[in-house]
Amino acid sequence: QQGVDGDASVHDRVLWALHISGMDDLLKFLASAQVEQQWALHVLEIISLMFRDQSPEELAALGQGTAGAEHGEDTRELESLRQRELAERRSRALQRTSRHSRFGGSYVLQGIKSIGDRDVVFHKGLHNV
């Protein structure tokens, strides 16, 4: 009795259960099969009850209007994010030096003792020391 806004009604939950169980496919088959014409009025009544809470305007706009507007907005937002990312990538590429340091590996720092009596072994570039 104290449902929140947007909560599925009992009618919506029954429709969802029909969809999950596959009954909607059975109804489509019964409505379209020539040999099952004896059930046509029953199927028509079930379908009319399924759509009883819906207005034709809402059903027609459901597949086009809001989804198209939201899709356009999402597309614009994604495009702006993509342009921003490309600009950041270009700026990072310009900040990098053109020469690559090929001097890498492990170094022994003499004169600085590690734990024990051995010299320190350093595994990063010397510019970070």
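Buried means under 20% relative accessible area, exposed means over 50%, and partly exposed is whatever falls in between. Keep those cut-offs handy, because D25, at 47% relative accessibility, counts as partly exposed. One more thing before the close-ups: this is a predicted model.

**Figure 1. The whole chain is built from 5 helices and 2 strands.** Start at the beginning of the sequence and walk along it: the pattern you meet is α-α-α-α-α-β-β. How much of the protein chain is buried? Buried residues account for 9% of its 129 residues. You can also ask how far apart in sequence the touching residues are. Take the contacts between residues at least 6 apart in sequence, and 12% of them join residues at least 24 apart.

**Figure 2. Here helix α2 meets helix α3.** Two packed helices are described by the angle between their axes and the distance between the axes. For α2 (residues 23-32) and α3 (residues 40-50), the axes come within 10 Å and cross at roughly 135 degrees. That angle is over 115 but not over 145, so it falls in neither the roughly perpendicular nor the roughly antiparallel class. The two helices are therefore oblique to each other. As for handedness, α2 passes α3 in a left-handed crossing. Which residues do the touching? On the α2 side they are L27, L30 and A31, and on the α3 side V43, I46 and M50. Sort the residues of this contact by type and you get 6 nonpolar, no polar and no charged.

**Figure 3. D25 and K28 form a salt bridge in helix α2.** Their side chains meet with N to O at 3.3 Å. Why does this pairing fit along a helix? D25 and K28 are 3 residues apart in α2, which means about one helical turn separates them. Is K28 buried or exposed? K28 has 52% relative accessibility, so it counts as exposed. Its partner D25, at 47%, is partly exposed.

**Figure 4. Helix α5 holds the salt bridge between E79 and R82.** The closest N and O atoms of this pair are 3.3 Å apart. E79 and R82 sit 3 residues apart in α5 (residues 65-95), so about one helical turn lies between them. E79 has a relative accessible area of 36%, which makes it partly exposed. R82 is partly exposed too, with 46% relative accessibility.

**Figure 5. E85 and R89 form another salt bridge in helix α5.** What is the N to O distance here? The side chains of E85 and R89 meet at 2.8 Å. These residues are 4 apart in α5, which again puts about one helical turn between them. At a relative accessible area of 44%, E85 is partly exposed. R89 comes in at 43% relative accessibility and so counts as partly exposed. With this pair in view, you can check the tally for the model: the count comes to 3 salt bridges.

**Figure 6. This close-up is centred on H11, a residue of helix α1.** Helix α1 covers residues 10-21. Is H11 buried or exposed? Its relative accessible area is 13%, so H11 is buried. Now look at what surrounds it. If you skip the neighbours within four places in sequence, H11 is in contact with L49, M50, R52 and D53. You have already met M50 in Figure 2: it is one of the α3 residues that meet α2.

Notes:
Residues numbered from 1 in each chain as written. Predicted model: local features only at pLDDT ≥ 70, side-chain atom pairs only at ≥ 80, totals over all residues. Heavy atoms only, no water. Axes fitted to C-alpha atoms, helices over the stretch in contact; angles between N-to-C directions. Parallel < 35°, antiparallel > 145°, perpendicular 65-115°, else oblique. Left-handed = near helix turned anticlockwise from the far one by under 90°. Contact = heavy atoms within 4.5 Å. Nonpolar A, V, L, I, M, F, W, Y, C, P; charged D, E, K, R; others polar. Salt bridge = Lys/Arg side-chain N within 4 Å of Asp/Glu carboxyl O. Buried < 20%, exposed > 50% of the residue type's maximum accessible area, 1.4 Å probe, protein only.
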